[in-house]
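Biologist: Got a minute to go through this one with me? I'd like to talk about how the helices pack.

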Amino acid sequence: MVLITGANGLLGANVVALLSKSNKFVPRAMVRRNANLLSLEGVNCELFEGDITNPEDVNKAVEGCCYIIHCAARTSQYPSSFEHYREANINSTRLLLEAGRVKGVKRMVFVSSTNCFANGSLQKPGTEEGGFMPWLKTSGYAFSKFIAQQEVLKYGEKYQLPVIVVAPGFLVGARDAKPSSGKMILYVLKNRIVFCPPGGKSFVDAEIAAQATINALHKGKTGQKYLLAGENMTLHDFFKLVSRLSGKRRLIIPLPMIFFKAIAIAFESLEKLTGKPFPFNTTQQKLLCLDNYFSNCLAKKELDMKFTRADVAVKKSMDWFKHNGYIS
């Protein structure tokens, strides 16, 4: 039995769907009570409703499981205050580590973030050797994921608990019910004029990232970190790809970094005046405009991660959105 937390999220749902077809592992999908389960529609799994920040729920969820894949996290970049992420991203991880040790799980796979690693360029993508970028301490999400990642590795070493860290790139694919990463695709599909920020991302097929995550249950080295990166593309090229696959021409207008910086500064000034948080600041502006490119060479070598084609991943996402009424 494999416990998957955050099982109705984009990565979690793809992990559960693949495990449900496997003869080797039986998935137990942990979701919040009254959660949206559209992403798990048609998937055969054991459903467990509970709160990952509740010790009693966590202990019950881990009971009888030989493996844990911890996908659940608060992923929004807003609000940026660290305290908004401590409970969901750090304390929940501690509970799962302790429950996993007590219950004798064989391995725990912690799903981290590429935000925990230094980015690279198209010519020299970032690797697992790249450390956390200090300026991201002002991102509650990024910093909380980094702290959780470090605690996982330290706990595993201290108590001899077999742990592995996987850090997916920008996930694209089916089962994005929230939607999360798919917001970018929907933005292009729903507008004839599209404004594009500078920078780029490592776009990875959610199904391929999910399979690599599952492979980490029995492949890879204990205590190792693996970047589950995909095809590195500028945002402008990605927007053009989505537009082309939709079959409708769109006007894509690149905007300079200074434009987004001005908006971020304006929002931060308003926040100081009103005392109310706004959904965009200079940290989020940097993340949006960053050349966020990574290599998956280690994951390909040790987790048998497959090659991602961004066009195939986008097509999966678009088909799923159409099928479920997100777009006509």
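Modeller: Sure, one convention before we start: an angle of 65 to 115 degrees between axes counts as roughly perpendicular. Also keep in mind that this is a predicted model.

Biologist: OK. At what angle do H1 and H6 pack?

Modeller: Helix H1 (residues 10–20) and helix H6 (residues 206–215) pack at about 65°, and their axes are 8 Å apart. H1 and H6 are therefore roughly perpendicular to each other.

Biologist: Is that crossing of H1 and H6 left-handed or right-handed?

Modeller: H1 and H6 cross in a right-handed way. On the H1 side the contact involves Leu10, Leu11, Asn14, Val15, Leu18 and Leu19. H6 brings Ala206, Glu207, Ala209, Ala210, Gln211, Thr213 and Ile214 to that contact.

Biologist: Next pair. How do the axes of H2 and H3 cross?

Modeller: The axes of H2 (residues 55–62) and H3 come within 9 Å, crossing at roughly 45°. That makes H2 oblique to H3. The crossing of H2 past H3 is right-handed.

Biologist: And which residues meet there, between H2 and H3?

Modeller: From H2 you have Pro55, Val58, Asn59 and Val62, and they meet Leu95, Leu96, Ala99, Gly100 and Lys103 in H3.

Biologist: While we're on H3, there's a histidine I'm curious about. Is histidine 84 buried, exposed or partly exposed?

Modeller: Histidine 84 sits in helix H3 (residues 83–103), and with a relative accessible area of 39% it is partly exposed.

Biologist: What does histidine 84 touch, leaving out residues up to four places away in sequence?

Modeller: Leaving those out, histidine 84 touches Arg74 and Pro79. Histidine 84 and arginine 74 are 10 residues apart along the chain, and their C-alpha atoms are separated by 8.6 Å.

Biologist: Switching again. Where do H5 and H7 stand, in terms of their axes?

Modeller: The axes of H5 and H7 come within 9 Å and cross at roughly 60°. That makes H5 oblique to H7. Their crossing is right-handed.

Biologist: Which residues are in that contact between H5 and H7?

Modeller: Met184, Ile185, Tyr187, Val188 and Leu189 in H5. They meet Leu235, Phe238, Phe239, Val242, Ser243 and Ser246 in H7.

Biologist: Which residues of H7 are buried?

Modeller: Leu235, Phe238, Phe239, Leu241, Val242 and Ser243.

Biologist: What about the span of H7?

Modeller: With 12 residues at 1.5 Å a residue, H7 should span 16 Å, and its end C-alpha atoms are 16 Å apart, which agrees. Just after H7 comes glycine 247, with a positive phi of about 80°.

Biologist: Last one, H11. How many residues does H11 have, and which are buried?

Modeller: Helix H11 (residues 310–323) has 14 residues and reaches 20 Å from its first C-alpha to its last, close to the 20 Å expected. The buried residues of H11 are Ala310, Ala313, Val314, Ser317, Met318, Trp320 and Phe321. They cover an arc of only 165° around the axis, which puts them on the same side of H11.

Biologist: So what covers the buried residues of H11?

Modeller: The cover includes helix H5 (182–189) and helix H7 (235–246), the pair we just discussed. It also includes strands S7 (170–172), S9 (200–205) and S11 (231–234).

Biologist: And what follows H11?

Modeller: Glycine 325 follows H11, and its phi is positive, near 80°.

Technical notes:
Residues are numbered from 1 along each chain as its sequence is written. This is a predicted model: local features need pLDDT of at least 70, side-chain atom pairs count only at pLDDT 80 or more; totals for chains, interfaces and linings use all residues. Side-chain values use heavy atoms; hydrogens and water are left out. Helices (H or I, at least four residues) and strands (E, at least two) are DSSP runs, numbered from the N terminus. The expected span of a helix is 1.5 Å times one less than its number of residues. Buried means under 20% relative accessible area, exposed over 50%, partly exposed in between (1.4 Å probe, protein chains only). The arc is that of the directions from the helix axis to the C-beta atoms. Contact means heavy atoms within 4.5 Å. Axes are lines fitted to C-alpha atoms, for helices over the stretch in contact, and angles run from 0 to 180 degrees between N-to-C directions. Angles under 35 degrees count as roughly parallel, over 145 as roughly antiparallel, 65 to 115 as roughly perpendicular and the rest as oblique. A crossing is left-handed if the near helix is turned anticlockwise from the far one by less than a right angle, and right-handed if clockwise.
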